[in-house]
Structure formats: structure tokens, C-alpha cells
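Student: Could you take me slowly through one part of this structure, namely its salt bridges and the core beside them in our discussion? I would like a careful, connected account.

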Amino acid sequence: QLMKCYGNIALTNIKLQNYQTAEDACDEMLQIDSRNAKALYLRSQIFHTKSSCKMEEQDKSYNDLVFANKYNPTSAFLRRKLIQFTKSKKAEREKSIKLFWGFFQRRTENCKRPYLKEKDSN
């Protein structure tokens, strides 16, 4: 019964955007059962939907989703969410590469390299 209570607390607080309270409820669920797929999924959603979604939080979100899928491999829902997350992460990475590739490419072409002076051949 305690797991259901913490699950409801987490869901309610996610909807209210009280992410810290929701995360605490998920952590309590995971202290009771460290392999609880629902707690891992909910915590993954919390990390993913925080307004200040930092790279570290995205990594935590991905890891929780991977473990939730590992502990509940028969769940088509979790598998689908993991695939969606992986695709969006890949698309974001490709976008970053396109965005910054030109910057670094131009920078290295225009850069004078005094440390690569030719040696005098005597």
C-alpha cells in the first residue's frame, strides 16, 4: 500500500510541477524496491520535464528509463518510451554537430599556427 501512496504522491506532484516533491516520492519508492519500474519511469519523466533540463539531468533520465526497461522487459510502453528518448537524443546530438561543426571548421582554417613553423634546413 505504501508504494501506491508514494506513486500517487509522485504523479500528483508531477502534474502540479512540484518536481522536487515528486522526485522525493520516487526516491522513497526506490528505497522500498530498487527495481520498481514505475518509480524509475516517473523519476525519468521528472528529470526530463524539469524546466532547467541540464545535460546531467537528461543523462539521469535516460539511465532511469534504461533500468526501468531492464527490470520490466515485457512492457511495450517502456520500450517505446526508450526508443523515443534514444531517437530524440540522437537528433539533438546531430543538430549540435551541425551547429558547431561549421564554427570549429572555420576556426581551424583561419587560425594561424606559429607553432608549426618550418625548420631551417642547414
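Tutor: Let us agree on one term before starting: a contact means that heavy atoms lie within 4.5 Å. In this predicted model, Ile46 has such contacts with Ile14, Tyr19, Ala22, Glu23 and Cys26, when residues up to four places away in sequence are not counted. Ile46 also belongs to the largest nonpolar core, which has 19 residues, and together with Leu42, Leu65 and Leu78 it touches the most other members. Two or more residues of this core come from each of helix H1 (2–15), helix H2 (19–32), helix H3 (37–49), helix H4 (55–71) and helix H5 (76–110).

Turning to charged side chains, the structure holds three salt bridges. In one of them Arg43 pairs with Asp27, with the closest N and O atoms 2.9 Å apart; because Arg43 lies in helix H3 and Asp27 in helix H2, this pair ties together parts that are 16 residues apart in sequence. Asp27 counts as partly exposed, at 27% relative accessibility, whereas Arg43, at 18%, counts as buried, since buried means under 20%. Arg43 also meets Asp64 in a salt bridge, at 2.7 Å from N to O, and since Asp64 lies in helix H4, that pair ties helix H3 to a part 21 residues apart in sequence. Asp64 is buried, as Arg43 is.

Another salt bridge joins the side chains of Asp59 and Lys89, at 3.4 Å from N to O, and it links distant parts of the chain, with Asp59 in helix H4 and Lys89 in helix H5, 30 residues apart. Through shared partners, salt bridges join Asp27, Arg43 and Asp64 into one network.

Technical notes: Residues are numbered from 1 along each chain as its sequence is written. This is a predicted model: local features need pLDDT of at least 70, side-chain atom pairs count only at pLDDT 80 or more; totals for chains, interfaces and linings use all residues. Side-chain values use heavy atoms; hydrogens and water are left out. A nonpolar core is a set of buried Ala, Val, Leu, Ile, Met, Phe, Trp, Tyr and Cys residues joined through side-chain atoms within 4.5 Å. Buried means under 20% relative accessible area, exposed over 50%, partly exposed in between (1.4 Å probe, protein chains only). Helices (H or I, at least four residues) and strands (E, at least two) are DSSP runs, numbered from the N terminus. A salt bridge is a side-chain nitrogen of Lys or Arg within 4 Å of a carboxyl oxygen of Asp or Glu.
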